[in-house]
Amino acid sequence: MRLALVGKPGAGKGTQGVRLAQHLGVPLISTGELLRRRAESPTAADGDLADVLARGELAPDDFVVSVVNGAVASAPGGYVLDGFPRTLAQALDPKAPALDAVIHLAVPDEVAQRRVAERAAGRADDARRDATARRLRSFHSDTEPALELYRQRGMLSTVDGTQAPELVWDAILKAVTTLDTER
Ligand code: ADP
């Protein structure tokens, strides 16, 4: 199964993604992780990636698609993507990895903001309130149109991410089971 977990920063993609990938027996491919790793030892082609991440801006679509493709190439049996696609251009890119379904972990902005402030686990972007605000703005302007596309295609499941982690997991499992029987 080829799934994407999409949600605002702090929606719980990381936590639930690990569990979902384990459950399905496929790798979890986190775009944010891939980009952060890449920013630690950048090549000339990566430009100012570390600054882009710290400011909470989106990395360029072409670049992200190629980074995710690199990881997907070694996952022939399916995958869970965490944080991809984040824009309509990424969703529509013919070179982007194929998806069977998209799960949206939905939380209000206030919940996202609070959770990110609370975790601030050494990530430059989490520690900056302006960066979190920017990430939330880009969720509304760039990611919501991508979710709308999947909704129109009948590929979107929305899960209430404000619930306790166990309940979020139950809801994800239910969504995945439904998807599996529909295919
Ligand atoms: P969060 O979802 O908490 O913002 P991520 O680890 O998913 O954290 O992403 C961290 C940063 O990596 C984003 O703020 C953005 O700069 C970059 N990034 C991640 N995924 C994408 C993507 N699909 N397109 C562009 N930039 C991305």
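**Reading a chain from its cis bond to its ligand**

Me: Where is P85 found?

Reply: P85 is in the loop between β3 and α5 (88–92). Bear in mind that we're looking at a predicted model.

Me: What joins F84 and P85?

Reply: Start with the general idea: most peptide bonds are trans. Now the case here: F84 and P85 are joined by a cis peptide bond, with omega about -5°.

Me: Let's move on to α5. Is Q90 buried or exposed?

Reply: The cut-off for buried is under 20% relative accessible area. Q90, found in helix α5, has a relative accessible area of 2%, so Q90 is buried. Setting aside neighbours within four places in sequence, Q90 is in contact with D61, V64, V65, F84, P85 and A96. That list brings back both residues of the cis bond, F84 and P85.

Me: Which residues are the closest around the ligand?

Reply: Q90 turns up again: the closest are K13, E57, G83, R86 and Q90, out of 19 residues that surround the ligand.

Me: Which atoms lie 2.8 Å, 2.9 Å and 3.1 Å from the ligand?

Reply: For a polar contact, look for N or O atoms within 3.5 Å of each other. At 2.8 Å there is a polar side-chain atom of R86, facing an oxygen atom of the ligand. G83 uses its backbone instead: an N or O atom there lies 2.9 Å from a ligand nitrogen. A59 also offers a backbone N or O atom, 3.1 Å from a nitrogen atom of the ligand.

Me: How much of the ligand does the protein bury?

Reply: The protein buries 97% of the 540 Å² that the ligand exposes when taken alone.

Me: Now the inside of the protein. How many residues are in the largest nonpolar core?

Reply: The general idea is that nonpolar side chains tend to be buried together in soluble globular proteins. In this model the largest nonpolar core has 30 residues. Those with the most contacts inside it are I29, L35, Y79, L81, F84, L99 and V102. So F84, from our cis bond, is on that list too.

Me: Which elements give two or more residues to this core?

Reply: They are β1 (2–7), α2 (31–40), α3 (49–55), α4 (61–72), β3 (79–82) and α8 (129–152). The largest share, seven residues, comes from α4. There's also a second, separate core of 21 residues, which includes L3, V26, V168 and W169.

Me: What does L99 touch?

Reply: Leave out residues up to four places away in sequence, and L99 touches R2, L3, A4, Y79, L81, P85, Y150 and M155.

Me: How do I read the strands? In which sense do β1 and β3 pair?

Reply: β1 and β3 pair in the parallel sense, over four bridges. To pin that down, find A4 and its bridge partner in β3, L81. On to β4 (residues 101–106): five bridges join that strand to β1, and the two run parallel. Here L3 has A101 as its bridge partner in β4. β1 is mostly covered, with five of its six residues buried.

Me: Which strand do five bridges join to β4, besides β1?

Reply: That's β5, which runs parallel to β4. For a pair to click on, take V102, whose bridge partner in β5 is L156. β5 (residues 156–160) has two faces: S157 and V159 are on the covered one, while L156, T158 and D160 are on the uncovered one.

Me: What about charged residues? Is R135 buried or exposed?

Reply: Apply the cut-off again: R135 has 10% relative accessibility, so R135 counts as buried. R135 is in helix α8 and touches P9, G56, V116, R119, R123, D125 and D126, not counting residues up to four places away in sequence.

Me: How far apart are T132 and V116?

Reply: In sequence they are 16 residues apart, but from C-alpha to C-alpha it's 7.5 Å. T132 also lies in helix α8 and counts as buried because its relative accessibility is 3%. Beyond four places in sequence, T132 is in contact with Q113, V116, D125 and D126. V116, D125 and D126 are also touched by R135.

Me: One last loop. Where is V107?

Reply: V107 has its place in the loop between β4 and α6 (109–119). With 6% relative accessibility, V107 counts as buried. Its contacts beyond four places in sequence are K8, A11, A112, R115, G161 and T162. G12 is 95 residues away along the chain, yet the C-alpha atoms of V107 and G12 are separated by 9.2 Å.

Conventions: Residues are numbered from 1 along each chain as its sequence is written. This is a predicted model: local features need pLDDT of at least 70, side-chain atom pairs count only at pLDDT 80 or more; totals for chains, interfaces and linings use all residues. Side-chain values use heavy atoms; hydrogens and water are left out. A nonpolar core is a set of buried Ala, Val, Leu, Ile, Met, Phe, Trp, Tyr and Cys residues joined through side-chain atoms within 4.5 Å. Buried means under 20% relative accessible area, exposed over 50%, partly exposed in between (1.4 Å probe, protein chains only). Contact means heavy atoms within 4.5 Å. A residue is near a molecule or strand if one of its heavy atoms lies within 4 Å of it. A polar contact is a pair of N or O atoms within 3.5 Å; within protein, one must be able to donate a hydrogen and the other to accept it, and residues adjacent in sequence count only if both atoms are side-chain atoms. Accessible areas come from the Shrake-Rupley method with a 1.4 Å probe; for residues, only the protein chains shown count as cover. Two strands pair if DSSP finds at least two bridges between them.
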